[in-house]
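Here are some notes for a colleague who is meeting this structure for the first time. They are meant to be read beside the sequence and the coordinates, point by point.

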Amino acid sequence: GDRGHRKAPPPTAMPARLCDLLSEVAEVRLTQPVEANAVFAVIPPPAIEELRRDWRFNLRHGEVRWMCSWDTTPDDVDAFAAAVARACCASSQEPVR
């Protein structure tokens, strides 16, 4: 049998979790539905700069692409979503120049 083997979650489980968490952040605009292991969004440029200090992700024409791997855990997603929320909140608090 397959005793001792865990069944992997569906490939969209962690991206869907990330979307759910980020849907509460006003500065995050999710741009595409989750169909695979990626989340696409537009966030403020200062937030992108802040997040890139500690996280790697793709950026194209102002849209970020956040990828989840087969081994991404709920804790990983929660930590990243919290970092996005903090960066977006901080960017919205910056003085207008």
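1. A convenient place to begin, in what is a predicted model, is the hairpin that β3 and β4 form with 2 residues between them. In the turn of this hairpin, His 61 has a positive phi of about 55°. The two strands run antiparallel and are joined by 3 bridges, and one of the pairings sets Asn 58 against Arg 65 in β4.

2. The hairpin belongs to an open sheet of 4 strands in the order β1-β2-β4-β3, with antiparallel pairing. The edge strands of this sheet are β1 and β3, each of which pairs on one side only. Against the sheet packs α1, which touches β1, β2 and β4 and whose direction makes about 25° with that of β2.

3. The remaining pairings can be followed residue by residue. Strand β2 (residues 38–42) is joined to β1 (residues 29–30) by 2 bridges, with the strands antiparallel, and here Arg 29 stands opposite Val 42. Between β2 and β4, which are also antiparallel, there are 4 bridges; Ala 41 has Val 64 as its bridge partner in β4, while Phe 40 stands opposite Arg 65.

4. Strand β4 deserves a closer look for the way its side chains are arranged. In a regular strand the side chains alternate between the two faces of the sheet. Along β4, Val 64 and Trp 66 point to one face and are buried, whereas Glu 63, Arg 65 and Met 67 point to the other face and are not buried.

5. Which residues have the most contacts inside the largest nonpolar core? They are Leu 18, Leu 22, Val 28, Ile 43, Leu 51, Trp 66 and Val 84, in a core that has 23 residues. At least two residues of this core are supplied by each of α1 (13–22), β2, α2, β4 and α3, and the largest share, 7 residues, comes from α3. As background, nonpolar side chains in soluble globular proteins tend to be buried together.

6. Leu 51 shows how the core is connected. Leaving aside residues up to four places away in sequence, Leu 51 touches Ile 43, Phe 57, Trp 66, Ala 83, Val 84 and Ala 87.

7. The aromatic residues make up a further topic, and the structure holds 3 aromatic pairs. One of them is formed by Trp 55 and Phe 80, which meet edge-to-face at 4.8 Å centre to centre, with 70° between the planes. Because Trp 55 lies in the loop between α2 (45–51) and β3 (58–60) and Phe 80 in helix α3 (residues 74–92), this pair ties together parts that are 25 residues apart in sequence. The partners are not equally covered: Trp 55, at 31% relative accessibility, counts as partly exposed, whereas Phe 80, at 9%, counts as buried.

8. Phe 80 also pairs edge-to-face with Trp 66, at 5.2 Å centre to centre and with 75° between the planes. This pair links distant parts of the chain, with Trp 66 in strand β4 (residues 63–67) and Phe 80 in helix α3, 14 residues apart. Here Trp 66 and Phe 80 are both buried.

9. Taken together, ring pairs link Trp 55, Phe 57, Trp 66 and Phe 80 into a cluster. The ring of Phe 57 also has a charged neighbour to inspect, as Arg 52 lies over its face at 5.2 Å from the ring centre.

How values were computed:
Residues numbered from 1 in each chain as written. Predicted model: local features only at pLDDT ≥ 70, side-chain atom pairs only at ≥ 80, totals over all residues. Heavy atoms only, no water. Phe/Tyr/Trp six-rings, centres within 6.5 Å; stacked < 30°, edge-to-face > 60°. Buried < 20%, exposed > 50% of the residue type's maximum accessible area, 1.4 Å probe, protein only. Lys NZ or Arg CZ within 6 Å of the ring centre and 35° of its normal. Pairing = 2+ DSSP bridges. Core = buried A, V, L, I, M, F, W, Y, C linked by side-chain atoms within 4.5 Å. Contact = heavy atoms within 4.5 Å. Axes fitted to C-alpha atoms, helices over the stretch in contact; angles between N-to-C directions.
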